[in-house]
Amino acid sequence: MTAPSDSARAKRLAVIGTAVFAAAPATVAGLLPWVVTRWKVHEPVPGGLPAQCAGVLLIGAGAAVITNSFVRFALEGMGTPAPFAPPKNLVVGGFYRYVRNPIYVAIGAAVVGQGLLFGEPKLFGLAALGAVPVVAFVRLHEEPTLERKFGAEYEEYRANVPRWLPRPTPWLPN
């Protein structure tokens, strides 16, 4: 086979794998909040309509960031966010120019947004509780793995892009 067809095949497999792995954030950001709330609005919603509008914005932004980030993994990284099918290239484009973990941040935003939309404080607790294993996984597995795999490229990225709180301007690699 020629290199271009191998590349097209790899890209196609990355897209398929990424689509399959998308079930994980959908479960955390959608199914678990539904189990807790059945998506019923508590009346009155603390904070009223402004809180609900902020919730809708967080949910929408979270969904957009998650979708864009998954596409980046497939097309730029030639892999998936899943540890069993990692990217071949370090993903540093799109929202990854602002924060190293946009998918995790977006999942948290979507869960908090649902808490605001439905007036359900349990979802704030779910977001906080869910952050504990995510932080442990990122620090103990993901970052050391990326450092071993991508070396100096990852070190430069890590030195310039924060882990959780987005930087105000996009980082552009040298």
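A salt bridge is here a side-chain nitrogen of Lys or Arg within 4 Å of a carboxyl oxygen of Asp or Glu. By this rule, the predicted model contains 5 salt bridges.

**Figure 1. Salt bridge between Glu143 and Arg100.** The closest N and O atoms of Glu143 and Arg100 are 2.8 Å apart. Glu143 belongs to helix H5 and Arg100 to the loop between H3 and H4, so the salt bridge ties together parts that are 43 residues apart in sequence. Both Glu143 and Arg100 are buried.

**Figure 2. Salt bridge between Arg158 and Glu155 in helix H5.** The side chains of Arg158 and Glu155 meet with an N to O distance of 2.7 Å. The two residues are 3 residues apart in H5, about one turn of the helix. Arg158 has a relative accessibility of 25% and therefore counts as partly exposed; Glu155, at 31%, also counts as partly exposed. Elsewhere, Arg100, Glu143 and Arg163 are joined into one network by salt bridges that share partners.

**Figure 3. Salt bridge between Arg72 and Glu76.** An N to O distance of 3.0 Å separates the side chains of Arg72 and Glu76. Arg72 is partly exposed, with 29% relative accessibility, and Glu76 is partly exposed at 23%.

**Figure 4. The largest nonpolar core.** This core has 18 residues, of which Leu90, Tyr96, Ile103 and Tyr157 touch the most other members. Helices H3 (48-75), H4 (102-118) and H5 (122-160) each supply at least two residues of the core. Leaving aside residues up to four places away in sequence, Tyr157 touches Leu90, Val91, Val92, Tyr96, Val99, Arg100 and Trp171.

**Figure 5. Helix H4 and the residue that follows.** H4 has 17 residues and reaches 24 Å from its first C-alpha to its last, close to the 24 Å expected at 1.5 Å a residue. The helix is mostly covered, with 12 of the 17 residues buried; among them are Pro102, Ile103, Gln114 and Phe118. Gly119 follows H4 and has a positive phi, near 65 degrees.

**Figure 6. Helix H3.** The end C-alpha atoms of H3 are 41 Å apart, which agrees with the 40 Å that its 28 residues should span at 1.5 Å a residue. Buried residues in H3 include Gln52, Gly62, Ile66, Phe70 and Phe73.

**Figure 7. A nonpolar surface patch.** Leu31, Trp34, Val35 and Trp39 make a nonpolar patch of about 390 Å² on the surface. Leu31 lies in helix H2 (residues 23-37) and is partly exposed, its relative accessible area being 45%.

Note on methods
Residues numbered from 1 in each chain as written. Predicted model: local features only at pLDDT ≥ 70, side-chain atom pairs only at ≥ 80, totals over all residues. Heavy atoms only, no water. Core = buried A, V, L, I, M, F, W, Y, C linked by side-chain atoms within 4.5 Å. Buried < 20%, exposed > 50% of the residue type's maximum accessible area, 1.4 Å probe, protein only. Helix = DSSP H or I, 4+ residues; strand = E, 2+ residues; numbered from the N terminus. Contact = heavy atoms within 4.5 Å. Patch = residues over 30% accessible without salt bridge, like charges linked within 9 Å, V, L, I, M, F, W, Y side chains within 5 Å. Areas by Shrake-Rupley, 256 points an atom, 1.4 Å probe, with all protein chains shown as cover. Expected span 1.5 Å × (residues − 1).
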